[in-house]
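Thank you for making room for this today. I would like to walk you through one structure, going from the overall picture to a few individual residues.

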Amino acid sequence: RVIIDWNVIEEVKHPFPSTETKPSNLERQNLSITDENYLGKIVSPWYRTVPSQKYLVTKVCYDMSEDTQFPNSSYFTYKNYFKEKYKIETLQTGQPLLEVRALSERLNSIKPRALTKQLKRKNKDENEDFEVWLIPEYCVVYPLSGKYWLKAMVLPSALHRISQLCLAEELRCQLISGTSIGEAHLPSGKNWDKLAQDISFQVEEVLLEKQQALTPLNIFSKNSLKNDQYKVWGNEEEPIDIERCMDSATLFDVLNYGKFIQKPLLGLTTKNFDDVARHKLTSVEKRPIPKFVEPPPLKMLQRNTKGFGPQQVHLMQALTAAGANDFINCERLETLGDSFLKFAISLTLFENQPDWPEGHLTYLKSKIVGNKNLFYCGMKKELGSLLEVHRFSPKEDWVPPGFCVEQSVQTVLLTAKLDPNCLYNVQIPEAERADGKLGEITRTRFTDVLLEADDIKQPQNWTFINLQALTDKNVSDAVEAILGTYLMNCGLFGALAVLNWFQVTNPALSTPEVFTQKTCSPAKGRGNPNHHLIEPGYLENILNYKFNDRCFLLQAVSHPSYSRNNITTCYQRLEFLGDALIDFLITIHIYEKCETLTPGDLTDLRSALVNNVTLSCISVRNQLHKFLLHNSNVLNDCMMRFVKHQEDRNHIIDNDILFLFEESDVNIAEAVDVPKSLGDIFEALIGAIYLDSGKNLEVTWKVVYNLMKDEIENFHKDVPKNHVRMLYESDCGPNFKSSIEMDSAVMVTVEINHKGVLKNFNGFGDNKRQAKRAAAKHALRAIRSPSNY
């Protein structure tokens, strides 16, 4: 039932007063200043030359008048103030003052008041929420009651929010129809969840972030190992590399090189050197095993596809980009969905391509989970029309429901890709606007304007023709966020169903059986794995897991250089799976535990925990490197340097450690600080435990948590910042150049101005993001070098 207050309708029929015209003396003299005429009304001063500010009358102050003392010492009374500043005097004497509050011109009421108040202080908007007193004679009164005025100001935001919820409901119904997960209708007695502010978007988020002071790095230098016992040759000067320096090599260099390579290494013969070097790294010291602790449960993995499923507000968050400047956005859900996507695709490829090497699996995975593929998957489901990617601006690009350009005109503009600005050249008569139908003369004018229109120059928002500008990444991020939403509400198999609904990969391959069926033994040949393994029982004690099939363990510790293993392949496939598995489990844990972290901090924490440097440090602390089977002197030497570095630091893993170079950061093997194999063995062992346990994520999580619990706790308390962000905060004016694609890597160069000197640093990676991070790491290491302090 609709009730119409006709008294209000009659009130607003009166024209709004003009603030540009001064009221007549008669009107000013006959004012009746009472609560009935002024309290709760909207007033505006007529004496100001700038566009008038509107105020809400909160009190008629009968104990104050124009002769009341002015609030500051610049003027004696209100009467003096107006006489001296505006050259006006009152015609009524003794009239009470109006206590008023300024009304904002801002129509965007999307954000909660707690957030907008802080933003006001930041923007120094002093008009709002500031009490002032006005003389009634100097104000005009609007016929509409203040309560309706305030409701009208909120109306655009309310309609916009309802529109968002309707779009989210549309997507929810599509997903229910396509996946058979969830219920289309709300059960009796149950209410829709209310839209709640994301817990990570606290008031503090609008404050400027505190910059971390850059201090000297506490990491090792290769020059500090001159007298190290692990040197593989004596103190002879190392000759130049003849093969790389053939053009500049002299006869002396050639003779010196020949003499050098014929000398024995530290008195050892080539025959026994490999065994001795290997013994130094594989002499396992049986330390006390840390006490096993029960990890926090991963609640998402305990959920299932039964029940109501995600609600409108959950999907609305997944459809809202950070650029919308709302108090919810998809970034945290996107991080969650990204980790699930990589794990699901890694496992699908691992199971369906049992003979593919790790390189082929990684290449195909990068194509499947890449933004380009996700963009096409999202656009096939017309996801772009549902997204909220721009800030809500009622005065600029908002169109009320029911208002639009005629459909035939819209069709011409969109089909021919014409510039919609041409429509501003058409004047529509008032009668036609009210009626909603165009006359023949107006239609002819539209036709002429369209024929003369220019092509659209660049994409932008044109809400009156239902055209929204967005990027490929907006769509791909939304796909990941929707996956994250279903993982959070419906568990692993709910997210898998949505993955197949989007057809990110072939649904016939990514079936639930991939996540539940046991994997066959990795044994390819005959033999006893115990004959190759080093202290397997003690390794199982460290991991707190006993293997049912030690062929998985053998595969996990077999480096590609270890050719003696004819039972299984090397660890590379397991490392491929373990990498995605660790990332998935850690992301779920920090998402559930660290609810107050902003999306940026959540991403930084995840990156700090699962990167190769951190995993390598954990491997060394737990002596996992001593179980690695390999036949590489170069790897042996690099591992010994890093092991000694960590032993000297008492195995501390902090922010400084993350500045060490991984193999993917540099293009020169000699510049590597952390050998990739140390992180690989950790990932391979986790992958092996997952498969050996019958793909039991709970068992795998127990192992991961107990090995990484210290880092999870410490990094949560002090989240390491992303290297690129740290470089921007270092006041050295970084300028990242365009990326260059090389044979199997991407290179990014960054230019910085440090102490008045321009310097360039190169970074390498599998993609632009990794290469940019590596370049920033190089630059930060130079800035934070102890020689600069």
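**A walk through the model**

Let me begin with a single residue at the surface, Glu 294, which is exposed, with a relative accessible area of 55%. Please keep in mind throughout that what you see is a predicted model.

The side chain of Glu 294 meets that of Lys 702 in a salt bridge, with 3.6 Å from N to O. Glu 294 sits in the loop between α8 (270-282) and α9 (299-302), while Lys 702 belongs to helix α27 (residues 697-717), so this pair ties together parts of the chain that are 408 residues apart in sequence. Lys 702 itself is partly exposed, at a relative accessible area of 24%.

Let me now step back to the whole chain. The protein chain has 29 helices and nine strands, and buried residues make up 48% of its 789 residues. If we take the contacts with a separation of 6 or more, 75% of them are between residues 24 or more positions apart.

The strands deserve a closer look. Five of them form an open sheet in the order β4-β3-β2-β1-β5, with antiparallel pairing. The edges of this sheet are β4 (131-134) and β5 (139-145), each of which pairs on one side only, and the twist from one strand to the next averages 45°. Helix α6 (residues 146-179) packs on the sheet, where it touches β1, β2 and β5, and its direction makes about 75° with that of β5.

Going across the sheet, strand β1 (residues 41-45) is joined to strand β2 (residues 55-61) by two bridges, and in that pairing Val 43 has Tyr 55 of β2 as its bridge partner. Tyr 55 also has a bridge partner in β3, namely Ala 102, and β2 and β3 are joined by six bridges, again running antiparallel. From β3 we pass on to β4 over four bridges in the antiparallel sense, and here Arg 101 has Glu 131 in β4 as its bridge partner.

Why is strand β3 described as largely enclosed by the rest of the structure? The reason is that five of the six residues of this strand, residues 97-102, are buried.

I return now to helix α6, because I would like to show you one residue in it, His 160. His 160 is buried, with a relative accessible area of 11%, and a polar contact of 3.0 Å joins its side chain to that of Glu 388. Apart from residues up to four places away in sequence, His 160 touches Ile 110, Glu 388, Phe 392 and Trp 398.

Elsewhere in the chain there is a hairpin, in which strand β8 (residues 746-754) pairs with strand β9 (residues 757-765) in the antiparallel sense over nine bridges. Within that pairing Ile 752 stands opposite Lys 759 in β9. Two residues lie between the strands of the hairpin, and Lys 755 takes a positive phi near 55° there.

Let me come back to charged residues. How many salt bridges does the count come to? The count comes to 20 salt bridges, and I will pick out a few. Lys 695 forms one with Glu 351, the closest N and O atoms being 2.7 Å apart. This pair, too, links distant parts of the chain, with Lys 695 in the loop between α26 (676-692) and α27, Glu 351 in helix α11 (residues 331-352), and their positions 344 residues apart. Lys 695 is buried, at a relative accessible area of 7%, whereas Glu 351 counts as partly exposed at 25%.

Another salt bridge joins Glu 540 and Lys 546, where the closest N and O atoms are 3.8 Å apart. Here Glu 540 is buried, at 5% relative accessibility, and Lys 546 is exposed, at 60%. There is also a network of salt bridges that links Asp 338, Lys 342, Asp 583 and Arg 606.

Finally, which side chain of opposite charge is nearest to Glu 432, a buried residue with no salt bridge? It is that of Arg 443, which is 7.8 Å away. Glu 432 lies in helix α16 (residues 430-435), and a polar atom of its side chain is 3.2 Å from the backbone nitrogen of Gly 439. Once neighbours within four places in sequence are set aside, Glu 432 is in contact with Lys 437, Leu 438, Gly 439 and Thr 442.

Definitions and conventions:
Residues numbered from 1 in each chain as written. Predicted model: local features only at pLDDT ≥ 70, side-chain atom pairs only at ≥ 80, totals over all residues. Heavy atoms only, no water. Pairing = 2+ DSSP bridges. Axes fitted to C-alpha atoms, helices over the stretch in contact; angles between N-to-C directions. Contact = heavy atoms within 4.5 Å. Buried < 20%, exposed > 50% of the residue type's maximum accessible area, 1.4 Å probe, protein only. Lys, Arg positive; Asp, Glu negative; His and termini not counted. Salt bridge = Lys/Arg side-chain N within 4 Å of Asp/Glu carboxyl O. Polar contact = N/O pair within 3.5 Å; in protein donor to acceptor, adjacent residues only side chain to side chain.
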